[in-house]
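Me: Please take a close look at one part of this model. I care about the aromatic side chains and their surroundings.

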Amino acid sequence: MLSSITLSQSADFRFDSVVCQDCDGYAKSLVVSSSFWLSESPAIDPMSNNRILLQSGFSSSTRKLWSEYWTYPNLNFGVKLTKNLALTGKVFGFSAGKDSPQVLGAGLQYAFGSKDTLDWVTSVQRIDLKGLDHFRLTSLTLDIRKWIEWKFVQFRIGAGSNFFKEKSYQYKSELFSKLEGQTNFIGVDALYNYSIFTLGVGSRFHPKRSMVTFYIQKEIF
C-alpha cells in the first residue's frame, strides 16, 4: 500500500502547470485522464468464498500527456454482501505537487451466470475527486466483465463506459468552466495467485487513451 502511494504521484491536477498554446486542450486532457483513472474497479472473484478484499496498486497512462507519463495511486476495497452482490469503495488521499487530492466513492458489483458458475459481473461505481485548487470531478462507471480461468491465471475481460462531470474553480475559459463527457473502453485483467496474495495487471483501452494498472490483492475471512 505504501509503495503504491509513493511510486504513483506524478500526476498533475493544476491547469497552470505548463505553458501551452492550446490551454483548453490541456485542461480537457487533464480532466478526461483523471476520470479515466477513477474508472478502475476492484477485481472481485465471483466464485471466491472470502467476504472482504483489499486491493492496492497504481495506474499509468500508456501515452504521454504533455511530455510525461502520469501515474496515479489506487486503493480499493470490496465487501461481499451475498453470494451475488458485493459493495466496493475507494477512500484515500495523497499528495500531488501543491494539491492534496481526496478520492471518495462507492459502487456495487453483481455476479451472474449458469447454475453452478458465476462468471459474469456487472458493476457500477461513482467516485468523486476533491481537495484540488482548480477543479472538482465526479466519475460514474458502468461495465460488464466475464471471468475466464486458463491454467494458473484468471482473466477478467469486458467493456464499459465512464461518464464524468467537472466544475472548474479557477480556469478562465468559459468553454470549460463546466465539462461533461463519456469514455467507452475495453478492459482486460490477468490475475495470478501467489502465496496468500493475488497479483494482477489490467488495461483499459480507448482509441485516444489507454491506461495500465498493476495491483496486489489480499482476501480476508
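Is Tyr 110 buried, exposed or partly exposed? Start there, then work outward through the rings and the nonpolar surface.

Reply: Note that this is a predicted model. Tyr 110 is partly exposed, because its relative accessible area is 44%, and the class runs from 20% to 50%. Its ring partner is Phe 112. Phe 112 also counts as partly exposed, because its relative accessibility is 32%.

Now the pair itself. The model holds 10 aromatic pairs. Tyr 110 and Phe 112 make a stacked one. Their ring centres are 6.3 Å apart, and the planes meet at 20 degrees. The pair counts as stacked because the cut-off is under 30 degrees, and the centres satisfy the limit of within 6.5 Å.

Other rings group together. One aromatic cluster is formed by Phe 13, Trp 37, Tyr 72, Phe 92 and Phe 94. Phe 36 has a charged neighbour: Arg 204 lies over the face of its ring, 5.4 Å from the ring centre.

Next, the nonpolar surface. Phe 152, Tyr 192, Tyr 194, Ile 196, Phe 197, Leu 199 and Ile 216 form a surface patch. Together these residues have about 740 Å² of accessible area. Two strands contribute: β8 (178–194) and β9 (197–206) each supply at least two of the patch residues. Ile 196 sits in the loop between β8 and β9. Ile 196 counts as exposed because its relative accessibility is 56%, and the class begins over 50%.

Note on methods: Residues numbered from 1 in each chain as written. Predicted model: local features only at pLDDT ≥ 70, side-chain atom pairs only at ≥ 80, totals over all residues. Heavy atoms only, no water. Phe/Tyr/Trp six-rings, centres within 6.5 Å; stacked < 30°, edge-to-face > 60°. Buried < 20%, exposed > 50% of the residue type's maximum accessible area, 1.4 Å probe, protein only. Lys NZ or Arg CZ within 6 Å of the ring centre and 35° of its normal. Patch = residues over 30% accessible without salt bridge, like charges linked within 9 Å, V, L, I, M, F, W, Y side chains within 5 Å. Areas by Shrake-Rupley, 256 points an atom, 1.4 Å probe, with all protein chains shown as cover. Salt bridge = Lys/Arg side-chain N within 4 Å of Asp/Glu carboxyl O. Helix = DSSP H or I, 4+ residues; strand = E, 2+ residues; numbered from the N terminus.
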